[in-house]
Amino acid sequence: MGKEIGRESQKDNDLFYTCGLIDYIARKTKNVRSYVVNRLGKERIEKIYDLADVYHCDNIERVAEDFIEEANIENGSFDNVGDCMYIIPSHWDIGKVYKRLIKMAAEKENADVVDVLFEVYNSFISEKIDDYNSSMYYENPSYLLACYEEKEVL
């Protein structure tokens, strides 16, 4: 998936940042992740993914604000952080969950990462991952992939 610097390839790190930013925006605007992804659209997601190493050098709050305004993302009422009765995973924790799932699915399907990102965030599994009162977000990545492929919790 690209040049290796450290433990992961640069493109893996870019996907991680992209997913973390999506989660950050969703929390900030209190929206489900699919809404945020769909409002951002493919062109903006590709831009974030392609320039993640640049955006990562900036404050995530400012980057998020720019994309919220540019994509006209309105505030919603989905508050999985406020509803959480346990330790709240960070936007980076959830970004890593999505990154792993998207990467595994893209490799298995031999598909474009951004296309798979849209598929994952718009699938049933996103709702399950984003329920922080369940155990889904910290399940084994292979299990999440199997559930995603079967379109149901196994």
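In which helix is aspartate 23 found? In this predicted model, aspartate 23 belongs to helix H1, which covers residues 10-29. The residue has a relative accessible area of 1% and is therefore buried, since buried means under 20%. Within its surroundings, the side chain of aspartate 23 is joined to that of arginine 27 by a polar contact of 2.6 Å. When neighbours within four places in sequence are left aside, the residues in contact with aspartate 23 are Arg33, His91, Ile94, Asp130 and Tyr132.

One of these contacts can be described further, because aspartate 23 also forms a salt bridge with arginine 33, in which the closest N and O atoms are 2.8 Å apart. Aspartate 23 is located in helix H1 and arginine 33 in helix H2, so that the pair ties together parts lying 10 residues apart in sequence. Arginine 33, like its partner, counts as buried, with a relative accessibility of 1% for arginine 33 and of 1% for aspartate 23.

Across the whole structure, a search finds 13 salt bridges. Another of them is formed by aspartate 115 with lysine 42, the closest N and O atoms being separated by 2.6 Å. Here aspartate 115 lies in helix H7 (residues 113-121) and lysine 42 in helix H2, so this pair ties together parts that are 73 residues apart in sequence. Both partners are partly exposed, aspartate 115 having a relative accessible area of 32% and lysine 42 a relative accessibility of 38%.

A further salt bridge, with an N to O distance of 2.1 Å, is found where the side chains of aspartate 66 and arginine 62 meet. These two residues are 4 residues apart in helix H4 (residues 60-70), and so about one helical turn separates them. Aspartate 66 counts as partly exposed at 36% relative accessibility, and arginine 62 is likewise partly exposed, with a relative accessible area of 38%. Elsewhere, salt bridges that share partners join Asp23, Arg27, Arg33 and Asp130 into one network.

The largest pocket holds about 200 Å³ of space. It is lined by 15 residues, of which Val32, Phe78, Glu127, Asp130 and Asp131 are the closest to its centre. Two or more lining residues are given by each of helix H2 (33-50), helix H5 (80-83) and helix H8 (124-129). By class, the lining of this pocket comprises 5 nonpolar, 5 polar and 5 charged residues. Asp130 thus appears both among the residues closest to the centre of the largest pocket and in the salt-bridge network that includes Asp23.

Conventions: Residues numbered from 1 in each chain as written. Predicted model: local features only at pLDDT ≥ 70, side-chain atom pairs only at ≥ 80, totals over all residues. Heavy atoms only, no water. Buried < 20%, exposed > 50% of the residue type's maximum accessible area, 1.4 Å probe, protein only. Polar contact = N/O pair within 3.5 Å; in protein donor to acceptor, adjacent residues only side chain to side chain. Contact = heavy atoms within 4.5 Å. 1 Å grid on protein atoms, 1.4 Å probe; cavity = no way out; pocket = protein on both sides within 12 Å on 5 of 7 lines; lining within 4 Å. Points joined across faces, edges and corners; volume = space filled by probe spheres on them. Nonpolar A, V, L, I, M, F, W, Y, C, P; charged D, E, K, R; others polar. Salt bridge = Lys/Arg side-chain N within 4 Å of Asp/Glu carboxyl O.
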